[in-house]
Amino acid sequence: MNAIPQLFFDAMSLGGIYAMAALGIALIFGVMNLVNFAHGEYIAFCVFALIVPSTDAVAVLFLGKAPALLLIPILLALGAAIAVASEFVVFRHMRKATPVAMMISSFALGFVIQNSLLLIYGSRPKAISLWPDLNKPVSVIGASVPLLQIIVILATLVVVVALALLLKKTKIGLEMRAAAENFTMARLLGVRANVVITGAFALSGALAAAVAMIMVTQTGVADIRMGGQIMLVAFIATVIGGLGSLPGAVAAGFLIGAASVILQAFLPLDARPFRDAFLYTFVIVILLVRPQGLFAAHSAKPRV
Amino acid sequence: MSKLGVFDVSVRYGKVPALTDVSLQIEEGERVFISGPNGAGKSSLLKAICGAVPTTHGRIEIGGMLVAGRPPEAIARLGMTMVPEGRDIFGTLTVEENLRVGTGIRRDRDAIESDIDEIYENFPILGERRQANAGALSGGQQQMLAIGRGLMTNPKVMMVDEPSLGLAPNIVDQVYETLIRLQKDRGLTLVIVEQSSARAARVGGRMVLLRGGTVVDEGDAAEFAERDLLKEAYFGQSAEEPA
């Protein structure tokens, strides 16, 4: 059999989702020392935006009916919009607050988004069929792989490369990197705090939308609680990667994805239900050895 | 245009006063040294002017424009640049990226490349290491980079907080030579925090002495140096404050 290539594709595609979600968190942490726990709810929001608002069990596609070429940019923009809006409504007023106060506010914001979705769509998970063709298997180097997995891996690569280019080659990218290292100094040189922070939120929200599209295609379910699970893993990835370090977030996302898939494959049958316990033990060991994370980010300087 | 006015400015950190009713006029193209013991409020004065710390009282004007209460990025747009104590180089950025961070506020985008070349002419070591991470530079090189980075905003007023901090004396000489040359070439107004009256006298300029958050004396730097020498002669120790 071709178990090894199969495992590889599983690990890479799961890791890719985690990496993108972790990047969304690391970007905002980098510029304002905020761990934005509402990030998972941005993902859920984008998923529910695909369907007609109703409390019925069967989802009727709404935005999701649009052709992919139209839908993808719209959903990315929608993700960016909710993230930017939440900055404008909530976090902008907390620039001088402590990181803990901001983090708690992000929890509160997450609950507001989640409960708004609950109110509109009901609590039952809904079956939703976006791009079902992507789950058909194709044969790659002897392994039978859903097309979606390959797309996820490619999409992650595109996102990471595009983000790296944006940060490296554009003016806003340079300003974001400078601000992430020393916000006050960047402002003294004329870098506008609002522009950099809004930019980080927009990118983060667009990443949430990308994750939303992948998750919904993969699972075929829209669930109010779906944001929380991915948020947890993504947050752990950013911590392991070194809070604020973007390469660290990507590497740790892939690492957790790979570890999860490998444990699932090689643990004895009886132990498999406890896979996550093994996974998080592994996380604890990493943090015991490197409390600053795999890629220690430059020191977390005071914000604004 | 680039006249700098500080009127009755107070700054406090929580309940601790750092500056109390400080007033100071600086003319266009002037060179002013701010001196005084540790904790006298020298850095706080500079930070208040560039908007890095809020003032609790008083007003600050640059070229007749009221700046107190504006964010630092707006004050930078009025032609004010700051080379902070400890330099605050962006260590994870390359030398050239450090120089480019502050160019976002410039309207004369065509002049940016030639200005970068000019900086490399002024500081050849920065040109050689333009692609290196700025965190790998020596202290003296970082000081040069911080000055170059400030210049790239095309300022009218440059404030330099303790350029001599942690640098060997011959490097400090180089830094001052560069600052004076730049001032002549560009008509910059320079405000420099310098503890040593002897060095200020050698460079030449007006000196403002702060103590306990207020201006206690001001005059020609040479007079201050003479007085300090006299004190040294009487009391048998250097009257200069340790860095």
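A nonpolar core is a set of buried Ala, Val, Leu, Ile, Met, Phe, Trp, Tyr and Cys residues joined through C-beta atoms within 7 Å. Keep that in mind as you explore this predicted model.

**Exercise 1. Find the centre of the largest nonpolar core, and the helix that gives the most to it.**

Solution.
- Step 1: The largest core has 169 residues.
- Step 2: The residues with the most contacts inside this core are A22(A), C46(A), V47(A), A210(A), V211(A) and A212(A).
- Step 3: Helix α1 of chain A, residues 3-32, gives the most, with 18 residues.
- Step 4: Now zoom in on A210(A). Leaving aside residues up to four places away in sequence, A210(A) touches M20(A), L76(A), A155(A) and V159(A).

**Exercise 2. Follow helix α3 of chain A: what is its span, and what do its buried residues pack against?**

Solution.
- Step 1: α3(A) covers residues 68-89, which makes 22 residues.
- Step 2: From first C-alpha to last the helix reaches 31 Å, close to the 32 Å expected at 1.5 Å a residue.
- Step 3: Its buried residues include L75(A), L76(A), L78(A) and G79(A).
- Step 4: An α-helix has 3.6 residues a turn, so residues three or four places apart point the same way.
- Step 5: The packing partners of the buried residues of α3(A) are α2 (39-48), α4 (99-121) and α8 (193-219) of chain A.

**Exercise 3. Decide whether S35(B) is buried or exposed, and describe its surroundings.**

Solution.
- Step 1: Recall the cut-off: a residue is buried if 20 or more other C-beta atoms lie within 10 Å of its own.
- Step 2: S35(B) has 26 other C-beta atoms within 10 Å, so S35(B) is buried.
- Step 3: This residue is found in strand β3 of chain B, residues 31-35.
- Step 4: Among the residues that S35(B) touches are E194(B), S197(B), M207(B) and L209(B).
- Step 5: R211(B) is 176 residues away along the chain, yet the C-alpha atoms of S35(B) and R211(B) are separated by 8.6 Å.

**Exercise 4. Place β3(B) in its sheet, then look for helices that pack on this sheet.**

Solution.
- Step 1: Six strands of chain B form an open, mixed sheet in the order β6-β7-β8-β3-β9-β10.
- Step 2: β6 (80-83) and β10 (214-220) of chain B are the edge strands, pairing on one side only.
- Step 3: β3(B) runs parallel to β8(B), residues 189-193, and four bridges join them. Here F33(B) stands opposite I192(B).
- Step 4: Helix α6 of chain B, residues 139-151, packs on the sheet and touches β6 and β7 of chain B.
- Step 5: Helix α9 of chain B, residues 221-235, packs on the sheet too, touching β3, β9 and β10 of chain B.

**Exercise 5. Work out why β2 and β5 of chain B each have one side without a neighbour in their sheet.**

Solution.
- Step 1: The sheet is open and antiparallel, with four strands in the order β2-β1-β4-β5 of chain B.
- Step 2: β2 (16-26) and β5 (65-66) of chain B stand at the edges with a single partner strand each, so one side of each lacks a neighbour in the sheet.
- Step 3: β1(B), residues 4-13, pairs with β2(B) over seven bridges. One example is G5(B), whose bridge partner in β2(B) is Q25(B).

**Exercise 6. Describe how the two chains meet.**

Solution.
- Step 1: 22 residues of chain B contact 18 residues of chain A.
- Step 2: On the chain B side, α2 (72-76) and α3 (95-101) each supply at least two residues.
- Step 3: That side divides into 11 nonpolar, five polar and six charged residues.

Notes: Residues numbered from 1 in each chain as written. Chains lettered and ligands numbered in written order. Predicted model: local features only at pLDDT ≥ 70, side-chain atom pairs only at ≥ 80, totals over all residues. Contact = placed C-beta atoms within 7 Å. Nonpolar A, V, L, I, M, F, W, Y, C, P; charged D, E, K, R; others polar. Pairing = 2+ DSSP bridges. Buried ≥ 20, exposed ≤ 12 C-beta atoms within 10 Å, placed from the backbone. Expected span 1.5 Å × (residues − 1). Axes fitted to C-alpha atoms, helices over the stretch in contact; angles between N-to-C directions.
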